[in-house]
Amino acid sequence: MNAIYLLQAALRMNEMDLALIQDMRDAPLKQPTEQGGNHPLWIIGHLAFTESLFRSMITGEPNPLDEWNAIFGPGTEPQTDLSTYPAFDETFNEFKSQRARKRSVRLSVF
């Protein structure tokens, strides 16, 4: 098994997870356990930010979601105040947009 296969498999698994996350649009801050955890809105925002960051690192272009670093970037913690975040649909659509932009980068791994 090579690294390209692993990355492609991870991307396919992520597509399945997206359907589950989208089902949570009416409960975007629902934490997975009584002790808290990453809620759906934070997960999809973190994925969107990571997609844009990764593409920026590959291409050298500015990260279009740099302003999201404080709420979705590495080391951030999910907040329970909905006003902290962009709307769920905006965040989810931004993830899809960033994923499509990253896939457009001409690299053999994608």
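A search of the whole structure, which is a predicted model, finds 4 salt bridges. One of them joins R25 to D89, whose closest N and O atoms are 2.1 Å apart. Because R25 lies in the loop between helix 1 and helix 2 while D89 belongs to helix 4, this pair ties together parts of the chain that are 64 residues apart in sequence. Neither partner falls under the 20% limit for burial: R25 is partly exposed, with a relative accessible area of 39%, and D89 is likewise partly exposed, at 34%.

A further salt bridge is formed between E51 and R99, with the closest N and O atoms 2.8 Å apart. Here too distant parts of the chain are linked, since E51 is in helix 2 and R99 in helix 4, with their positions 48 residues apart in sequence. Both E51 and R99 are buried, whereas R25 and D89 are partly exposed.

E61 and R101 form another salt bridge, in which the closest N and O atoms are 3.8 Å apart. This pair connects the loop between helix 2 and helix 3, where E61 is located, with helix 4, where R101 is located, the two residues being 40 residues apart. At a relative accessibility of 36%, E61 counts as partly exposed, and R101 is also partly exposed, at 31%. The two residues belong, together with R55, to a network of salt bridges.

The secondary structure into which these pairs are set comes to 4 helices and 0 strands, so that the pattern read along the sequence is α-α-α-α. Of the contacts in the chain with a separation of 6 or more, 64% are accounted for by residues 24 or more positions apart. Buried residues make up 33% of the 110 residues.

The largest nonpolar core comprises 15 residues, among which I44, W68, F72, Y85 and F88 touch the most other members. At least two residues of this core are supplied by each of helix 1 (3-22), helix 2 (40-59), helix 3 (69-72) and helix 4 (88-103), and helix 2 gives the most, with 5 residues. When residues up to four places away in sequence are not counted, W68 touches G45, A48, F49, G73, P86, E90, T91 and E94.

Helix 2 also contains S56, which is buried, with a relative accessible area of 14%. Leaving aside neighbours within four places in sequence, S56 is in contact with E61, P62 and N63; E61 is the residue that forms the salt bridge with R101.

On the surface, F54, M57 and I58 form a nonpolar patch, with about 280 Å² of accessible area together. I58 lies in helix 2 and is partly exposed, with a relative accessible area of 30%. Over the chain as a whole, about 6,800 Å² is exposed, of which carbon and sulfur atoms supply 55%.

As to the confidence of the prediction, the chain averages a pLDDT of 83, and 77% of the residues score at least 70. Among the elements of the chain, helix 3 has the highest mean pLDDT, at 97, and helix 1 the lowest, at 63.

Conventions
Residues are numbered from 1 along each chain as its sequence is written. This is a predicted model: local features need pLDDT of at least 70, side-chain atom pairs count only at pLDDT 80 or more; totals for chains, interfaces and linings use all residues. Side-chain values use heavy atoms; hydrogens and water are left out. A nonpolar core is a set of buried Ala, Val, Leu, Ile, Met, Phe, Trp, Tyr and Cys residues joined through side-chain atoms within 4.5 Å. Buried means under 20% relative accessible area, exposed over 50%, partly exposed in between (1.4 Å probe, protein chains only). Contact means heavy atoms within 4.5 Å. Accessible areas come from the Shrake-Rupley method with a 1.4 Å probe; for residues, only the protein chains shown count as cover. Patches are made of residues with over 30% relative accessible area and no salt bridge: like charges are joined within 9 Å, nonpolar side chains (Val, Leu, Ile, Met, Phe, Trp, Tyr) within 5 Å. A salt bridge is a side-chain nitrogen of Lys or Arg within 4 Å of a carboxyl oxygen of Asp or Glu. pLDDT is the predictor's confidence in each residue, from 0 to 100.
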